[in-house]
Amino acid sequence: MSIDPARQAGYLEHPPRMGFFTDTSLCIGCKACEVACKEWNAVPEDGIELTGMSYDNTVGLGASTWRHVAFIEQSIPVGPQTSSSPAPPASAAAEGVRWLMSSDVCKHCTESACLDVCPTGALFRTEFGTVVVQDDVCNGCGYCVGACPFGVIARREDDGGAHKCTLCYDRLGAGMEPACAKACPTESIQFGPLDELRERAALRVADLRAAGQDHAQLYLEDPGDGIGGGGAFFLLLDEPEVYGLPPDPVVTTRDLPSIWKHVGLAAAGLVATGIALGLGRRPR
Amino acid sequence: MTQVENGHPERAPGRDGRRRRRGEQLVVPDVEFTSYYGRPVIKEPAWGAPDVPGYLFLGGLAGASSVLAAGAQVSGYGELAKVAKVTALGAISLSAVALVHDLGRPERFANMLRVFKPTSPMSVGSWLLSAYGPLAGAAAVSDLTGILPAAGTAATISAGLLGPGIATYTAALLCDTAVPGWHEGHREMPYLFAGSASCAAAGLALLTLPPEAVRPARTLATLGAPAELVAKRLLLRRLGDIAEPYETGRPGRLLRAAEVLTVGGLAGAVFGRRNRVVSALAGASLLAASALTRFGVFEAGMATARDPKYTIIPQRRRRGMN
């Protein structure tokens, strides 16, 4: 039984939960999503420099980067394109290259750490089940930054506030799809009701595995995982960490009962210490 | 640990191929892992030093000083109670300044009191601070001026009851994050902070008053220092591989120095109880140790956020992949 985050947030009547299914096997690394996101959301410039590490000069998600296309070059044995093929070939000539490209985005977690820890209520759950920052409320405390298990949200230096993907909340409200999905030329970024996306993804990963992509895997589609499943989930062709994603993220607030218990016990210890100090009479 | 570049299917170099700086101790067994060009998986918290570690230290000093003040007042150590109350007021005022200064938008500090969220230790802490601060202030002002002594005593006792919350909630603040070096230690961190706060409060009292006037502070130190030392050991054991930054580099040095000062301060407090100079030095040691502990814990956690291995390897192990 998966959680209905919008209902949990108090929307008794609400539209279906909307999300992204990013099928990285279809990504060609064109970065149209990055550009469309910046244009639509008026996200400021995030550094114009060459990293020298690959075709990826955006590096990662951040306060002013709400879509990020990762680029990975791997040497692999020629033959079926799997990194688990047995016995690497003897000669270097038999080495092949494969490029992995993946458009990363905020996961809009079912159990969202940034939302849980936000002390001002600036972060909130929308009727679509997504997670959005209200910029006019955020006081820039930065708690969400360290709480996110994916390193998505960050504080912008110039305005001091925390920013991230809104899943184009404004477009959704007008019945439109998010700018990145609209711009994606290969339908690597698919937008829709989460239930439908999950069904589609299950078929797709089965096809890819049947075609010999042994490492093809769905990431964050399982409502039983450590974040209750992502509102944005992915089809990956290699392990999550290859793409800079955590292999087994768990929302930090799952441990909050235990955290508060130990804080309470430690505080009780201090209270007891105070009482003990008060009981000792000063010698005359 | 060996890093595999971008999931390259070739196995990473073994022990011989590993780069190791001269004199660097290999704490963690060689584990292969892959990352995205060595980039961190999580973001380093947007919190700065000295604001945030300073806040941890000052909040602890204030909270435990209020405990000491209440205990000292009831047991008839008037001078000690007065010093502890003034310390609590001064420390909590400074800590509030540090907290506001660390905000990206300090002018919106009051938004902290817009909602109350038990899922956010920062929200709980803000409400706790807004209740505790005025009580600590009333206790100190009443004692200094002699105005409204009954209300002053009530404020002293109330601040003494809320002080432990102020001294320990900061552990929840750090541990309720994705930072491996803090989160995985959440079962031990509150006791470490309670012990460290006790040392700070006891230390300041020992430093400022003659030994015969501070017996409750010595008692506080003899309870707090061992608690801190034991909690730290247990924390490091719990963290396992992730403890590396707690034991190496700058945070490692800070924490080792803190341990030496804590042990020395405790010994000085106990054995120097008839000597003003020894007692004051012991107090200074305990106070400094508490500050160093907070900076060490803060920096060690930040280091575990910066290096992807502390995020990836434990998570792979959790999934049974290594």
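Chain B leans heavily on long-range contacts: if you take its contacts with a separation of 6 or more, 76% are between residues 24 or more positions apart. In chain A the corresponding share is 64%. Keep in mind as you look around that this is a predicted model.

Let's stay with chain B for a moment. Its secondary structure comes to 11 helices and 2 strands, and the order is easy to follow, since the chain starts from the N terminus with β-β and then runs on as α-α-α-α-α-α-α-α-α-α-α. Buried residues account for 58% of its 322 residues. Along the principal axes, its C-alpha atoms take up a box of roughly 75 × 50 × 30 Å. How does the radius of gyration fit in? A compact globule of 322 residues would come out near 20 Å, and chain B has 22 Å, so the two agree.

Chain B splits into domain 1 (1-39) and domain 2 (51-216 + 223-313). Where they meet, 8 residues of domain 1 of chain B are in contact with 8 residues of domain 2 of chain B. On the domain 1 side of that meeting point you'll find 5 nonpolar, 2 polar and 1 charged residue.

Now look at the stretch leading into H1 of chain B. B:Pro50 sits in the loop between strand S2 (32-35) and H1, and the peptide bond from B:Ala49 to B:Pro50 is cis, with omega near 5°. Further along comes helix H7 (residues 215-239) of chain B, which makes a handy check on helix geometry. Its 25 residues, at 1.5 Å each, should span 36 Å, and because the end C-alpha atoms are 36 Å apart, expectation and model agree. Just after H7(B), B:Gly240 has a positive phi of about 60°.

Over to chain A, which has 8 helices and 10 strands. Its C-alpha trace spans about 90 × 50 × 45 Å along the principal axes, and 50% of its 284 residues count as buried. Two loop residues here deserve a look for their backbone angles. A:His108, in the loop between strand S3 (95-105) and H3 of chain A, has a positive phi near 45° even though A:His108 is not a glycine. It counts as buried because it has 32 C-beta neighbours inside 10 Å, where 20 would do. A:Leu167 is another non-glycine with a positive phi, this one about 50°, and its place is the loop between strand S7 (162-163) and helix H5 (169-173) of chain A. With 27 C-beta neighbours inside 10 Å, A:Leu167 counts as buried too.

So what happens between the chains? In all, 64 residues of chain A are in contact with 74 residues of chain B. On the chain A side, the elements giving two or more residues are strand S2 (67-77), helix H3 (113-117), helix H4 (143-147), strand S6 (154-155) and helix H8 (256-279). Which of them gives the most? That is H8(A), with 15 residues. By class, this side of chain A has 31 nonpolar, 23 polar and 10 charged residues.

Finally, the largest nonpolar core holds 182 residues, and those touching the most other members are A:Cys114, A:Cys144, A:Cys148, B:Leu68, B:Ala201 and B:Ala205. Helix H1 (residues 51-74) of chain B supplies the largest share of this core, 14 residues. If you zoom in on A:Cys114 and skip residues up to four places away in sequence, it touches A:Leu123, A:Val131, A:Cys144, A:Ala147, A:Cys148 and A:Ile153.

Terms used: Residues numbered from 1 in each chain as written. Chains lettered and ligands numbered in written order. Predicted model: local features only at pLDDT ≥ 70, side-chain atom pairs only at ≥ 80, totals over all residues. Domains from an automatic or database assignment. Contact = placed C-beta atoms within 7 Å. Nonpolar A, V, L, I, M, F, W, Y, C, P; charged D, E, K, R; others polar. Helix = DSSP H or I, 4+ residues; strand = E, 2+ residues; numbered from the N terminus. Core = buried A, V, L, I, M, F, W, Y, C linked by C-beta atoms within 7 Å. Buried ≥ 20, exposed ≤ 12 C-beta atoms within 10 Å, placed from the backbone. Expected span 1.5 Å × (residues − 1). Rg over C-alpha atoms; globule rule 2.2 N^0.38 Å.
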